[in-house]
Amino acid sequence: MSSRAPTGSLLVVALAATMLLAACKQKPADTDLAAPQTPADTGALTLPQPAEQPRTESDVDVPKLTIATVDGQQYDLAARRGKWVVVNFWATWCKPCLKEMPELSALDAMREHIEVVGLAYEDITPDDMKVFLKLHPVVYPIAVVDTFNPPADFATPRGLPMTYLIAPDGKVADKFLGPITAKDIEAAITKAGGPKAGQS
């Protein structure tokens with residue numbers, strides 16, 4: 001007596017196996033939709049993470065930031081309470097960063113309730129940065145960040161540009177990985193309870 005299964009049974013098993021494989025292939029796509037955004041998703045440039053530096057995954061609700069700017073001044077985030085502050089991590093080699101700089105500069109110049117500070121996340125001397133800024137001038141202060149000792153209250157950027165919106169009470173209202181526009185910032189301010197674009 002033969003032990004082979006009937007042809008019909010084999011067909012059912014084959015169909016079931018095909019359907020199971022198809023379902024498994026679709027699963028990663030569902031998982032990707034729920035996953036946090038990566039630099040590639042947002043148009044940001046991915047940053048290599050130095051092995052010596054443990055990566056900070058979380059941010060502080062009310063971050064502190066005191067840093068020397070390239071023009072010899074001291075920037076203190078706490079002194080900006082009462083205003084919306086845009087903290088923009090960027091680099092001279094980052095094309096998306098350079099593209100958004102003129103718009104951030106105009107936003108800083110045109111909106112009394114909004115200030116911008118640029119944190120250059122790269123290995124560059126203040127003198128070289130001054131030369132760069134002559135070619136790419138902005139009205140807001142720029143500071144060079146030590147990539148091996150970045151500001152402790154901000155997560156280590158996974159990509160650039162990385163931008164934080166700080167509310168007048170000093171709390172992080174929003175953050176953006178990837179290029180942003182003045183419209184994005186003003187929409188985030190309105191969403192967080194601040195004035196609408198054109199109001200102050």
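The following legends describe close-up views of aromatic pairs and a disulfide in a predicted model.

**View 1. Phenylalanine 89 pairs with tyrosine 121.** The structure holds five aromatic pairs, and one of them is formed by phenylalanine 89 and tyrosine 121, whose rings meet edge-to-face with 6.3 Å from centre to centre and 70° between the planes. This pair links distant parts of the chain, since phenylalanine 89 belongs to strand 4 (residues 84–90) and tyrosine 121 to strand 5 (residues 114–121), 32 residues apart. Phenylalanine 89 counts as buried because its relative accessibility is 1%, and tyrosine 121 likewise counts as buried, at 7% relative accessibility.

**View 2. Phenylalanine 89 also pairs with phenylalanine 154.** Here the arrangement of phenylalanine 89 and phenylalanine 154 is edge-to-face, with 5.9 Å between the centres and 65° between the planes. The pair again links distant parts of the chain, with phenylalanine 89 in strand 4 and phenylalanine 154 in the loop between strand 6 (142–145) and strand 7 (159–160), 65 residues apart. Both phenylalanine 89 and phenylalanine 154 are buried.

**View 3. Four aromatic residues form one cluster.** The members of this aromatic cluster are Phe89, Tyr121, Phe154 and Tyr164.

**View 4. A disulfide joins cysteine 94 to cysteine 97.** The count comes to one disulfide, and in this link between cysteine 94 and cysteine 97 the S to S distance is 2.3 Å, which lies within the 2.5 Å cut-off for a disulfide. The link of cysteine 94 and cysteine 97 is right-handed, with 75° about the S-S bond. Cysteine 94 is buried, its relative accessible area being 0%, and cysteine 97 is buried with a relative accessible area of 0%.

Methods. Residues numbered from 1 in each chain as written. Predicted model: local features only at pLDDT ≥ 70, side-chain atom pairs only at ≥ 80, totals over all residues. Heavy atoms only, no water. Phe/Tyr/Trp six-rings, centres within 6.5 Å; stacked < 30°, edge-to-face > 60°. Helix = DSSP H or I, 4+ residues; strand = E, 2+ residues; numbered from the N terminus. Buried < 20%, exposed > 50% of the residue type's maximum accessible area, 1.4 Å probe, protein only.
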